[in-house]
Every structure is written in structure tokens, then in C-alpha cells.
Amino acid sequence: MSVIKQSFGTTGNGLPASLYVIDNGKSQISVTDYGATLVSVVVPDRNGVMADVALGFDSVTGYETSNYQGATVGPYCNRIAGGKFSIDGAEYDLVRNENGVTNLHSGGELTRRLWTAEVFSEDDMIRFSISREDSVNGYPGNMDLSVTYKLADSATVIITYGASADRKTFINLTNHSYFNLGGFDSGSIEGTLLKICADRFTPVDENSIPTGELLDVAGTPFDFTSLHAIGERINDENEQLALTGGYDHNYAIRYWDGSFREAAFACDPVSGRTLTVLTTLPGVQFYAGNFLKGTPGKDGKPMTRRSGFCLETQYYPDTPNHPDFPQCLYDENKTYSSVTSFCFGHLTD
Ligand code: BGC
């Protein structure tokens, strides 16, 4: 068990970023205070060969213009239609940072800031905290947030979130890791097998905003109720796949009741590495990395289209504009909390 702090370079504004490496003798993760970001996850394959399965960068610089690799996203992750919502009759105008139309990932507010770190070496744990000011990018509420990363068992990353604001506001936090179970530089994730514990998903419009329907996955390329390779049907002729250039959709986790339950399972048949995702949240955005464009990442290796997949646990996208979705509107000083874990393992054959 150990937590080692090292330099992670300097931001464009001249601020030092740190990297915290947690090693429990069986696996190793690292996290940076910049964006409270999960930087690396080094885990064994079926032959004991270690690889880093998280896409990312070697220093803070890459994270300043990233596609949210490993980042904590909030106060509202994913999209808000037209960058607008109302609370008790008051309308809020958010920054429209996607094509001038949609608010995406709160404009990166929390992702592009340095958080304060507290190290709990005995527990293989780091807690990041930050305060945001009312109205940044249009979101209401001065808010205190914390994100805790703990490396548990042999290779389980437990992420615990907490937040509360001084005004009634929407809160929806996620981790935006891109995983490739063969290793960050092992190419396409289309061969990865995936299961998602959901019978329904939220179809989207041309701006990737949920239409409000919950569609059955049965009989569609969105059916991951049993294991399917990500690439098996990703290029099928399908209106929803065409709108988003591949999977980039929120799934409604089966039997959601706020308890900690399985959301998804992935397995790379080549290395044998597996990932089980558990969460207390009602949704998971399965994003197949369709918009990755070859930006150089770790070791200068390009992060090409579909070389990483994301399983972003969350409340559904655009919930503020869909009263029928599970709600995430928190009263003044009411605490938001959620837990998500990424549990890594391997096949034993
Ligand atoms: C979205 C993608 C987007 C990515 C990076 C994901 O949460 O669903 O559409 O490209 O984040 O911003």
C-alpha cells in the first residue's frame, strides 16, 4: 500500500499540477488534481501482464484541451437542450459550447480546474474537493464538491461523489474515463465484448438530446443485454447510430432504486481483462469514442477513433427538461451523493 505524490507539470496559467500514484501491490492507479482526473489504471491480464487501460496524457498539458479523458464532469455532465432550463419558474441560460446550440459537460467547468487534494495513505485513497461559484457558465448555486478515489481489493477503483449548493440546483456528476482493456495503445475497442444491464435506452435527436422516449433495446443494435462485441453492429444501418456516428447513448439501468448495482460488464477476449461497472445512479452513457481524432496521448501514441470506450454513470442527459426522467434537482444545502466503481479482473482460462 502506498500513495506517492509527484509533479504532473504546469498548466498554461503557470499553476503546478500533481499526480498521485496509488499502488496496492496488485494494481496501480494514478489521479491528478487537475480536473480530479483518473490518469492511469495499470492492471494484469490473464497471464499477469500489466497494462495501463486508461486513455490519457503524460502531463497536465494534454488535459487542458482533452476530450474529457478520465475527468470528473460537473456540475451537470452530458447535454442540456438549447442550453436552457428552469427552476421554480426562473429560466437559466447556460453557455452553449457545442455547436453554439447545446450545453455539453457544463462547458468543462470543473474539468479544467485544479482541485484540492487530501491523501489517505492507509486507505489507498485520495479526496479531491473544490468550490464553484454561482453562475459560472450559467449554472446556479455556489457549490462545494468532493470526489474520492479509492483503490480497493486487487483492482477496484471506487469513486464517491458529494456536492451541495446554497441554491436549489441540478447536480449530475460523472467520471469520463475512456478504457481500452487491451491497453491504451492497443488500437480499436470494437472487439471488446460488452454487456449493459438495461432493457431500454434514451434515443436522441440530431443534437444528441434525448427525445424523451425510452426505447426497448430488443431487436436493435442497442441490445447489450447479453455480451456482444462493440463493433458487431456499430456500423449497421440504424437511424440512432447514424445520428451519433456510433454508440453515444444513455441506457436506463434495469431495476434502478438508488442501491449500488451492476450497470455494465466488458471483456477483452485477447488479453482476457474484464471490467465490471457498478453504480447507485440510474443511467449510463455508453460512448464508443466515435469522435476521437488521433490526438497524441500517452507516449505520443494517437488516440484514434474508437480506441477507447466510456461508461459514464449519470442521471439521464437533459433531465432538467424531462420531468418524467429520474430527477436530480437538489434543494438548497441538500447533499448529492453517488458511488460508482470500476472493478477490473481477468478471465482465468
Ligand atoms: C458524449 C460524447 C462526447 C464526449 C466528449 C460524451 O459524454 O456523449 O458525445 O463527444 O463526451 O465530449
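**Figure 1. Pro75 sits in the loop between strand 6 (72-73) and strand 7 (79-80).** This close-up comes from a predicted model, as do the other views in this set. The peptide bond that leads from Gly74 into Pro75 is cis, with omega near 0 degrees. As a reminder for anyone who does not look at backbone angles every day, most peptide bonds are trans, and most residues other than glycine have a negative phi. Keep Pro75 in mind, since Tyr139 is in contact with this proline.

**Figure 2. Two residues other than glycine with a positive phi: Asp88 and Ser106.** Asp88 has a phi of about 50 degrees, while the phi of Ser106 is near 55 degrees. Both are loop residues: Asp88 lies between strand 8 (84-87) and strand 9 (90-93), and Ser106 lies between strand 10 and strand 11. Which of them is buried and which is exposed? Asp88 is exposed, with a relative accessible area of 64%. Ser106, at a relative accessible area of 0%, is buried.

**Figure 3. Tyr139 and its surroundings in the loop between strand 12 and strand 13 (143-152).** With a relative accessibility of 0%, Tyr139 counts as buried. What does this tyrosine touch, once neighbours within four places in sequence are set aside? Its contacts are Pro75, Tyr76, Ile80, Phe85, Leu94, Asn103, Ser106, Arg132 and Asp134. Two of these names will be familiar: Pro75 follows the cis peptide bond from Gly74, and Ser106 carries a positive phi. Leu94 is 45 residues away from Tyr139 along the chain, yet the C-alpha atoms of the two are separated by 6.4 Å.

**Figure 4. A salt bridge between the side chains of Glu109 and Arg132.** In general, side chains of opposite charge can pair when their charged atoms come close. Here the N to O distance is 2.9 Å. The two partners are 23 residues apart and link distant parts of the chain, with Glu109 in the loop between strand 10 (103-104) and strand 11 (116-120) and Arg132 in strand 12 (residues 125-132). Are these partners buried or exposed? Glu109 counts as buried at 8% relative accessibility, and Arg132 counts as buried at 2%. Arg132 is also one of the residues in contact with Tyr139, so this view is a handy companion to the Tyr139 close-up.

**Figure 5. Salt bridges with partly exposed partners: Glu118 with Arg127, and Glu262 with Lys195.** For Glu118 and Arg127, the side chains meet at 3.8 Å, N to O. Glu118 has a relative accessible area of 39%, which makes it partly exposed, and Arg127 is partly exposed at 29%. The side chains of Glu262 and Lys195 meet at 3.3 Å, N to O. Because Glu262 belongs to strand 22 (residues 261-267) and Lys195 to strand 17 (residues 193-196), this pair ties together parts that are 67 residues apart in sequence. Glu262 is partly exposed, with a relative accessible area of 28%, and Lys195 is partly exposed at 25%. Elsewhere, Lys84, Glu91, Asp93 and Arg96 are joined into one network by salt bridges that share partners. The count for the structure comes to 14 salt bridges.

**Figure 6. The largest cavity and the residues that line it.** Rolling a probe the size of a water molecule over the atoms shows where empty space is left. How many cavities of 30 Å³ or more does a search of the whole structure find? The search finds 1, and the largest cavity has a volume of about 40 Å³. Its lining is made up of Asn78, Arg79, Val204, Ser208, Asp248, His249, Asn250, Gln285 and Pro317. Strand 21 (residues 248-253) gives the largest share of this lining, with 3 residues. By class, the lining has 2 nonpolar, 5 polar and 2 charged residues.

**Figure 7. The whole protein, with 2 helices and 29 strands, as a setting for the close-ups.** The radius of gyration is 19 Å, close to the 20 Å that the globule rule gives for 349 residues, so the protein is as compact as a globular protein of that length. Along the principal axes, the C-alpha trace spans about 60 × 50 × 35 Å. Of the 349 residues, 56% count as buried. Among contacts between residues at least 6 apart in sequence, 65% join residues at least 24 apart.

Terms used: Residues are numbered from 1 along each chain as its sequence is written. This is a predicted model: local features need pLDDT of at least 70, side-chain atom pairs count only at pLDDT 80 or more; totals for chains, interfaces and linings use all residues. Side-chain values use heavy atoms; hydrogens and water are left out. A salt bridge is a side-chain nitrogen of Lys or Arg within 4 Å of a carboxyl oxygen of Asp or Glu. Helices (H or I, at least four residues) and strands (E, at least two) are DSSP runs, numbered from the N terminus. Buried means under 20% relative accessible area, exposed over 50%, partly exposed in between (1.4 Å probe, protein chains only). On a 1 Å grid over the protein atoms alone, a cavity is a set of points where a 1.4 Å probe fits but cannot get out, and a pocket is an open set with protein on both sides within 12 Å along at least five of seven lines; lining residues have an atom within 4 Å of a point. Grid points are joined across faces, edges and corners, and a volume is the space filled by probe spheres set on the points. Ala, Val, Leu, Ile, Met, Phe, Trp, Tyr, Cys and Pro count as nonpolar, Asp, Glu, Lys and Arg as charged, and the others, Gly among them, as polar. The radius of gyration is taken over C-alpha atoms; the globule rule is 2.2 Å times the number of residues to the power 0.38. Contact means heavy atoms within 4.5 Å.
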